[in-house]
Amino acid sequence: MNKKDDIIKLDDTDVNILKIINEDVRTSYRQISRSLDVSVGTVHNRIDKMVKSGVIKKFSPVIDHRKLGFVLTTIIGVRVKGGKLKNWEDKTSFNKNVVGIYDVTGEYDAFLIAKFKDTDELNTFIKELLKDPIIERTYTQTVLDVVKEDMGSSNIL
């Protein structure tokens with residue numbers, strides 16, 4: 001197993017396997033092997049290697065949150081009192097509405113991506129955030145239109 005900072009080198013076969021399973025994770029190893037003209041064993045070994053090395057973190061469905069009623073996506077900047085960021089992030093990451101937390105440079109310490117059913121739910125969330133004494137300030141933006149949202153994209157390869 002490689003350290004998390006190690007760069008993993010992928011060859012064309014690895015990249016093509018990733019692109020196929022990124023499109024539909026239910027594609028069988030046999031179908032992949034036929035598409036790429038390699039053995040089923042090669043497909044199995046390559047996927048296993050990518051899982052063990054951390055290139056593939058997990059196999060999961062891509063959920064359309066809007067269809068489940070989460071129609072409001074927000075980007076929330078948070079300024080945290082010095083030295084407390086990690087503790088706050090660990091606690092906040094368990095909130096069901098938070099789908100991403102990013103440490104950033106600049107005026108804010110972190111940005112949250114969160115999804116809500118309505119503005120009342122967002123309002124409650126923000127007020128709960130601000131009750132925490134280590135939170136100095138928040139800055140909330142509401143997403144009007146999602147132009148692209150593909151966090152697991154293999155297109156970057």
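What covers the buried residues of helix 4? In this predicted model, the cover includes strand 1 (72-80), strand 2 (98-103), strand 3 (110-116), helix 5 (119-131) and strand 4 (135-142). The close-up views below begin with this helix.

**View A. Buried and exposed faces of helix 4 (residues 85-92).** Trp88, Glu89 and Thr92 are the buried residues of this helix. Around the axis they cover an arc of only 100 degrees, and they therefore lie on the same side of helix 4. Lys86, Asn87 and Lys91 are exposed and sit on the face turned away from the buried side.

**View B. Surroundings of Thr138 in strand 4.** Thr138 has a relative accessible area of 18% and is therefore buried, the limit for that class being under 20%. When neighbours within four places in sequence are left aside, the contacts of Thr138 are Ile76, Gly77, Val78, Tyr108, Ile126, Leu129 and Leu130.

**View C. Helix 3 (residues 40-53) and its packing face.** The 14 residues of helix 3 should span 20 Å at 1.5 Å a residue, and the end C-alpha atoms are indeed 20 Å apart, so the two values agree. Val43, Ile47, Met50 and Ser53 are the buried residues of helix 3. Viewed down the axis of helix 3, the buried residues fall within an arc of 135 degrees, so they line one face of the helix. An α-helix has 3.6 residues a turn, and residues three or four places apart therefore point the same way. The buried residues of helix 3 pack against helix 1 and helix 2. Gly54, with a positive phi near 90 degrees, follows helix 3.

**View D. Asp37 in the loop between helix 2 and helix 3.** The phi of Asp37 is positive, near 60 degrees, although the residue is not a glycine. Most residues other than glycine have a negative phi. Asp37 counts as exposed because its relative accessibility is 70%, where exposed means over 50%.

**View E. A nonpolar surface patch of Val25, Val51 and Phe59.** Together, Val25, Val51 and Phe59 have about 240 Å² of accessible area. Val25 is placed in the loop between helix 1 (12-23) and helix 2 (29-36). With a relative accessibility of 38%, Val25 counts as partly exposed.

Definitions and conventions: Residues are numbered from 1 along each chain as its sequence is written. This is a predicted model: local features need pLDDT of at least 70, side-chain atom pairs count only at pLDDT 80 or more; totals for chains, interfaces and linings use all residues. Side-chain values use heavy atoms; hydrogens and water are left out. Patches are made of residues with over 30% relative accessible area and no salt bridge: like charges are joined within 9 Å, nonpolar side chains (Val, Leu, Ile, Met, Phe, Trp, Tyr) within 5 Å. Accessible areas come from the Shrake-Rupley method with a 1.4 Å probe; for residues, only the protein chains shown count as cover. A salt bridge is a side-chain nitrogen of Lys or Arg within 4 Å of a carboxyl oxygen of Asp or Glu. Helices (H or I, at least four residues) and strands (E, at least two) are DSSP runs, numbered from the N terminus. Buried means under 20% relative accessible area, exposed over 50%, partly exposed in between (1.4 Å probe, protein chains only). The expected span of a helix is 1.5 Å times one less than its number of residues. The arc is that of the directions from the helix axis to the C-beta atoms. Contact means heavy atoms within 4.5 Å.
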